[in-house]
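Welcome, and thanks for opening the viewer. Let's walk through this structure one selection at a time.

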Amino acid sequence: MIKSLKFVIIKQQIHPSNNQLLQEFKLSKVPTQGTISNILAKRQQYESMDSTELTSKRQRSVKHPELDNVLANWVLQCQACRVALSGDSIKEKARQFARQLELGERTPEFSNGWLAKFNIRHGFKAQKSYGESGSADLDAIDINMPTIKEKLQSYSLQDIYNMDETGLFYRMAPDRTIARRQIEGSKKDKTRLTFVFAANVDGSHKMEPLIIGHSQRPRAFNRKSGEQLGFYYRSNAKAWMTGLIFREWLQKMDQQMQDTNRKVLLLLDNAPSHVVRDLPLTNVQVFLFPANTTSKIQPMDARIIATFKRRYRRFQLQDAIDRDEQQKVDIYKVDQLIAMKWAKAAWNDISSKTIINCFKHTGLFERETQKNEVGSEEQDIENELKDAINQLPISRPMSVYELINPEEEQQVAHEEISDEDLIKLSSSQDQEEKEDGEVMDENPPMSTKEKLNVLHSCISFLDLSNPNHVIAHKVLRNIQFEIRTIEKKQTTLDRYFCKEY
């Protein structure tokens, strides 16, 4: 399997000849088209596995995944709170969760062998009492700014990263009255997403954002997975960051740094889900900020997330104005997939200059990066948001600050999670989302011909004596070219498979 996997992935990336790959990986024959398709469909899953998992003959499935997930998240939360755990206490908690999940006769025997497999599966080392070491660790974390700066001096600016999470009510109206009703009802209609952002100090690497939703396949996904739609996407019943999702994210980052032969420092806050203990990291060193300091010295907290939200709300309000002109009933109601596309575009739009300034704003970095003035860019976006709010039919308009910084969006499960919520977080999300709050995009998919006709009409409208129209003309022509290229490739692929089969 691992040889076939390498064969397919490398062929997709550099397109060597079949004979070269057969010889390099000592394969008797080229993988079939079915094998290639199956591997590519699960590419991200395979790439997140280590070599032991990849070479195993068969991937053993967990008999009770919900129990396994809820118990693992509980252990991680206990570790974050420095609660001493014994093997017996884990087994007893497992029995308690099994009763709450109503496993009945399917309840496993919680033997020492079961415990050993559970610990191996999640990378937990043998549990023992921590004695006084927990308080000693807490004392060590209580450090001052000079100590933090000294730690940062050991790394180049491109090798220092910060990660943080934020919530987003992606349909929230800029109207105080409507927004309050939307936020209070968000648990019911599931219009909240959690975003995980990370970037380095010099702005040269913005990592792909992780998005956490309520459902594995919302209706807007049209039965596709988040990965198939081009997103790093995970889900649980509350759309919260959990210890398991965090560890997956961190191991993926570590693998990326291994692949590029880099040793980096990751700055994190002390959230309960940020449990690093027992993780076999080789290329990422984690540094936890002292408690109650992150809002002042964490770059993501300081400005970067607000910068993202300005850009997201610009997309949202522009769309709301369009929908108002079309006399739509609910001008803020968009589906989750559209919101995720806006969010991805908003994150991609943040420049390296903006990232640099946000890191410098914390006071942690006295080394000269480069002087960049981006205040005018952010002010321009704020002015656009003000203008958009004024154009919308709003009875009690929000200020831009209120729109960008609603307090409820910061509640991303950084408080201790109850057993009841742990069970909800670990419940299966395999089925398509059916709640009334999720809507599909009202505009049906357009055919290639329809897209090209719309672009042609727009191009015909332009006055090329106007410099702004010249810029728009170039952009529209590029979009035309992309659509035609994709259509040509798809036609060629269809003809190829017709010949083969």
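Start by selecting Ile-160 and Leu-265: Ile-160 stands opposite Leu-265, which belongs to strand S5. Please keep in mind that you are looking at a predicted model.

**The strands around S5**

Now widen the selection to residues 160–169, which make up strand S1. S1 and S5 run parallel and are joined by three bridges. Next, colour S5 itself, residues 264–268. S5 also runs parallel to S6, and here five bridges join the two strands. To see one facing pair, pick Leu-268 and then Leu-288 in S6, which stand opposite each other.

Is S5 enclosed or open to the outside? Five of its five residues are buried, so S5 is largely enclosed by the rest of the structure. Show the side chains and you can look at the two faces in turn: Val-264, Leu-266 and Leu-268 lie on one side, with Leu-265 and Leu-267 on the other. Both faces are covered, and all of these residues are buried.

**The whole sheet**

Zoom out and select the six strands, which form an open sheet with mixed pairing. In which order do they come? Reading across, you will pass S4, S3, S2, S1, S5 and S6. The edges are S4 (232–235) and S6 (284–288), each of which pairs on one side only. Follow the sheet from one strand to the next and the twist averages 25°.

Add helix H16, residues 336–349. This helix packs on the sheet, where it touches S2 (192–200), S3 (210–213) and S4. The direction of H16 makes about 20° with that of S2.

**Helix H8 and its two sides**

Your next stop is helix H8, residues 112–122. Which of its residues are buried? Select Trp-114, Leu-115, Phe-118, Asn-119 and His-122 to see them. They lie on the same side of H8, because they cover an arc of only 135° around the axis. A general point helps here: an α-helix has 3.6 residues a turn, so residues three or four places apart point the same way. Now turn the view to the face directed away from the buried side, where you will find the exposed residues Asn-112, Lys-117 and Ile-120. Just after H8 comes Gly-123, with a positive phi near 75°.

**Where H7 meets H8**

Keep H8 on screen and add helix H7, residues 87–100. The two axes come within 11 Å and cross at roughly 95°, so H7 and H8 are roughly perpendicular to each other. On the H7 side, select Gly-87, Ile-90, Lys-91 and Ala-94; on the H8 side, select Asn-112, Trp-114, Leu-115 and Phe-118. Together these residues make the contact, which by class has five nonpolar, two polar and one charged residues.

**A buried glutamate**

Move on to helix H18, residues 375–391, and find Glu-378 in it. Why does Glu-378 count as buried? Its relative accessibility is 11%, and the cut-off for buried is under 20%. Leaving out residues up to four places away in sequence, Glu-378 touches Thr-307, Arg-310, Arg-311 and Thr-354.

**Stepping back**

Finally, show the entire chain, with its 22 helices and six strands. Of its 501 residues, 43% count as buried. Among contacts between residues at least 6 apart in sequence, 72% join residues at least 24 apart.

Terms used
Residues are numbered from 1 along each chain as its sequence is written. This is a predicted model: local features need pLDDT of at least 70, side-chain atom pairs count only at pLDDT 80 or more; totals for chains, interfaces and linings use all residues. Side-chain values use heavy atoms; hydrogens and water are left out. Two strands pair if DSSP finds at least two bridges between them. Helices (H or I, at least four residues) and strands (E, at least two) are DSSP runs, numbered from the N terminus. Axes are lines fitted to C-alpha atoms, for helices over the stretch in contact, and angles run from 0 to 180 degrees between N-to-C directions. Contact means heavy atoms within 4.5 Å. Buried means under 20% relative accessible area, exposed over 50%, partly exposed in between (1.4 Å probe, protein chains only). The arc is that of the directions from the helix axis to the C-beta atoms. Angles under 35 degrees count as roughly parallel, over 145 as roughly antiparallel, 65 to 115 as roughly perpendicular and the rest as oblique. Ala, Val, Leu, Ile, Met, Phe, Trp, Tyr, Cys and Pro count as nonpolar, Asp, Glu, Lys and Arg as charged, and the others, Gly among them, as polar.
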